[in-house]
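Here is a short report on a protein chain, covering its pockets, its sheet and its domains. Please keep the structure open while reading.

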Amino acid sequence: MQLVIGNKNYSSWSLRPWLGLKVAGIEFDEQLHNLYAANAREERLQWSPSGKVPVLLDGDVTIWETLAIAEYIAERFPLAQLWPQDPIARALARTVCAEMHAGFAALRTACPMDVRSRHAFEMTPEVAADVARVVALWADCRERFGIDSNEGEFLFGHFTWADAFFAPVVTRLVTYGIEVPAAAQVYMQTVLALPAMQEWLAAGELEVGAAP
Ligand SMILES: N[C@@H](CCC(=O)N[C@@H](CS)C(=O)NCC(=O)O)C(=O)O
């Protein structure tokens with residue numbers, strides 16, 4: 001199985017399936033693609049019909065779109081429990097992943113992922129509203145499904161796709177110095193402390209080149 005990903009410093013969508021596979025201990029080959037190379041789109045099109053990364057290649061199966069990659073991995077490796085076991089928790093985990101996938105446009109546009117940098121940021125009402133929604137969503141998941149777990153401060157008691165989907169939000173809050181309440185900070189530390197997350201951040205530091 002091969003996962004094609006973009007620059008670790010910049011590619012938020014790539015981080016999500018990469019992190020899920022790593023935390024679950026699923027073996028895969030990593031194909032790193034420079035999103036900013038002169039022929040980048042042509043290169044991506046050899047793997048991905050949408051011309052975007054991440055792309056999962058499994059034999060003659062090609063899966064693009066991060067949500068579909070997450071579902072495919074969860075079905076192929078059910079013991080990894082990348083979705084919660086409880087059907088209600090699982091439905092909510094899928095809901096928040098879909099909300100992340102389709103939403104938070106203001107935060108994503110104003111604060112693009114840039115894990116190795118720290119940027120001054122002047123808050124706008126639109127970004128503040130997105131951050132408030134993220135914080136409320138994390139609190140709701142933690143209160144209903146995460147709080148009694150002894151496996152860590154994850155959204156659903158143990159690491160799931162929901163944590164992978166919000167990992168790039170965690171890095172954005174750090175990069176742009178956006179303050180959040182203490183409970184959200186505890187959750188962020190849990191994500192940042194994952195060895196796989198540390199590995200991604202270290203690789204992002206070492207990457208050469210800056211986005212245009
Ligand atoms: N909806 C896609 C979004 C993927 C995406 O936008 N990937 C970016 C890198 S993070 C990309 O390939 N950008 C190149 C381009 O848009 O031309 C998914 O969920 O996987």
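## Second largest pocket

In this predicted model, the lining of the second largest pocket holds nine nonpolar residues and three charged ones. Polar residues are absent from that lining. The volume of this pocket is about 160 Å³. It is lined by 12 residues, and W138, A139, R142, A183 and A184 are the closest to its centre.

Two elements give two or more residues each to the lining of the second largest pocket: α6 (125-146) and α8 (182-193). Of the elements, α6 gives the most, with five residues.

## Largest pocket

The largest pocket contains about 460 Å³ of space. Its lining counts 21 residues. Nearest the centre of the largest pocket lie S11, S12, W13, K52 and V53. By class, the lining of the largest pocket has 10 nonpolar, six polar and five charged residues.

Where does the largest pocket lie with respect to domain 1 (2-79) and domain 2 (82-197)? Both domains give residues to its lining, so the largest pocket lies between them.

## Two domains

The domain assignment splits the chain into domain 1, residues 2-79, and domain 2, residues 82-197. Their C-alpha centres are 21 Å apart. How many residues of each domain are in contact with the other? For domain 1 the count is 24, and for domain 2 it is 22.

## The sheet

Four strands make up an open sheet. Their order is β2-β1-β3-β4, and the pairing is mixed. The edges are taken by β2 (29-32) and β4 (61-64). Each edge strand has a single partner, so one side of each is left without a neighbour in the sheet. On average, neighbouring strands of this sheet are turned by 20° against each other, with direction ignored.

Strand β1 (residues 2-5) runs parallel to β2, and four bridges join the two. Within this pairing, V4 has Q31 of β2 as its bridge partner.

## Helix across the strands

Which strands does helix α1 (residues 12-24) lie across? The helix lies across β1 and β2. Its direction is at about 150° to β1.

Methods:
Residues numbered from 1 in each chain as written. Predicted model: local features only at pLDDT ≥ 70, side-chain atom pairs only at ≥ 80, totals over all residues. Heavy atoms only, no water. 1 Å grid on protein atoms, 1.4 Å probe; cavity = no way out; pocket = protein on both sides within 12 Å on 5 of 7 lines; lining within 4 Å. Points joined across faces, edges and corners; volume = space filled by probe spheres on them. Nonpolar A, V, L, I, M, F, W, Y, C, P; charged D, E, K, R; others polar. Domains from an automatic or database assignment. Pairing = 2+ DSSP bridges. Axes fitted to C-alpha atoms, helices over the stretch in contact; angles between N-to-C directions. Contact = heavy atoms within 4.5 Å.
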